[in-house]
Amino acid sequence: MTLNPEGALDIDPLLDDPATRIVVCCGSGGVGKTTTAAALGLRAAERGRKVVVLTIDPARRLAQSMGIDSLDNVPRRVKDITPAEGAEGGELHAMMLDMKRTFDEIVEAHADGERAEAILSNPFYQSLSAGFAGTQEYMAMEKLGQLRSRDEWDLIVVDTPPSRSALDFLDAPKRLGSFLDGKLIRLLMAPAKVGGRAGMKFLNVGMSMMTGALGKLLGGQLLRDVQTFVAAMDTMFGGFRTRADATYKLLQAPGTAFLVVAAPERDALREAAYFVERLAAERMPLAGLVLNRVHGSDAEKLSAQRALAAAENLDERRIVDQTAGKEEVRTAPASGSPAAAETPASTTEFPDEPTVEQLTAGLLRLHAERMQVVAREQRTRDRFTALHPEVPVTEVAALPGDVHDLSGLRDIGDRLAAGGTPAGAAS
């Protein structure tokens, strides 16, 4: 199937539009989100925009491809940006989310010195900030909100977590609200809210059964750590919820564009369909689908069936008609004879060297395999576009290797903008 040009995703107008302030690359793991995000950021910067790329990918491929030793929670400027003709003032910065450091920064910014120190040293907080379920997604929301509030960047490109739950950051505000409004948290906060001797009486009498049961289940020290953490964080809970809700609304705003990245495989495009439907349900602005690592051939007129038939014909001919090369091998003069010195080395040293017919048959079979892959990918794309004809698509062809430098990212950007006409891929 050839995509309708009217249904193609036009990357450059999206990146050039000053109203586009956030681009979020989402999709299942291993489909090329990180390289796609980096290539988009580089292209936008070289077209004159001040860009920061935020990655949440622990593989750190982004730093390597941009020529940076390492990425951390602070944006690092990328050197050797080459402005496009007529473009001025473009910059590219990159950073990788440090979940714990982001949480620490929030505490330090919204609590006085003594309370901040108590929170940061609390064992329960240290566990929560280092790897509690959902913390990474929530901190990604926080960092995005921080970057956008500084108004320092023309464009923020976000590379989402490499997992089936790549849209979990959309649920982070709701999960946080449920956690903060939960009965357990309200009970643990109650003594601090009542305060003084009344609070102690409430804790000792009203909560004795609950804390006793929790103490047996969790351990008395852990329960005390949780209670201390909740008491110290009490004044900050509302701020977490407010900021999360604000960032959620930011993701729904017209200045945000979601790009779903997928490979032309059944499972990946099934996940892409899930993302498309989920974004629509959340009223998030979808720009389109980047279909990555698409296979093609410069000899598409030669079908797999015809290539296999031609290979079989060559095999049958070789069986019936022995080639001259084989005859020469069988009748080669004995070593040391005068005639042996005149015999070509290829017929004596390499008796098993493949013939032209064998090589041709092998190439025909390789072509047949490629055409079968092309046909399978085409059917998979057809199913997706039939279900979601409203989604604009750009295709990026498969490269033989990964991208490791700015030149490779620049090449990927060209292919993204061209809709996959030349051969290339984001990996």
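The exercises below, each with a worked solution, deal with a predicted model. Residues are numbered from 1 along each chain as its sequence is written, and side-chain values use heavy atoms, without hydrogens and water. Because the model is predicted, local features need pLDDT of at least 70 and side-chain atom pairs count only at pLDDT 80 or more, whereas totals for chains, interfaces and linings use all residues.

**Exercise 1.** Work out what span helix 2 should have, and compare it with the distance between its end C-alpha atoms.

Solution. Helices are DSSP runs of H or I with at least four residues, numbered from the N terminus, and the expected span is 1.5 Å times one less than the number of residues. Helix 2 covers residues 33-46, and its 14 residues should therefore span 20 Å. The end C-alpha atoms are 20 Å apart, which agrees with that expectation. Buried means under 20% relative accessible area, exposed over 50%, and partly exposed in between, with a 1.4 Å probe and protein chains only; 14 of the 14 residues of helix 2 are buried. Just after this helix, Gly48 takes a positive phi of about 105°.

**Exercise 2.** Decide why Cys25 and Cys26 are not bonded to each other through their sulfurs.

Solution. A disulfide is a pair of cysteine sulfur atoms within 2.5 Å. The cysteine sulfur closest to that of Cys25 belongs to Cys26 and lies 7.8 Å away, which is too far for a bond. By this rule the count comes to 0 disulfides. Cys25 counts as buried because its relative accessibility is 0%, and Cys26 likewise counts as buried at 0%.

**Exercise 3.** Describe the surroundings of Asp12, starting from helix 1.

Solution. Asp12 lies in helix 1, residues 11-16, and counts as buried at 15% relative accessibility. Leaving aside neighbours within four places in sequence, Asp12 is in contact (heavy atoms within 4.5 Å) with Arg43, Arg47 and Ala417. The side chains of Asp12 and Arg47 also make a polar contact at 3.5 Å.

**Exercise 4.** Find the aromatic pairs of the whole structure and classify them.

Solution. Rings of Phe, Tyr and Trp (its six-membered ring) pair if their centres lie within 6.5 Å, and planes under 30 degrees apart count as stacked, over 60 as edge-to-face and the rest as tilted. The search finds 2 aromatic pairs. Phe103 and Tyr125 are edge-to-face, at 5.0 Å centre to centre with 80° between the planes. Since Phe103 lies in helix 4 and Tyr125 in helix 6, this pair ties together parts that are 22 residues apart in sequence. Tyr274 and Phe275 form a tilted pair, with 5.4 Å centre to centre and 55° between the planes.

Note on methods. Helices (H or I, at least four residues) and strands (E, at least two) are DSSP runs, numbered from the N terminus. A polar contact is a pair of N or O atoms within 3.5 Å; within protein, one must be able to donate a hydrogen and the other to accept it, and residues adjacent in sequence count only if both atoms are side-chain atoms.
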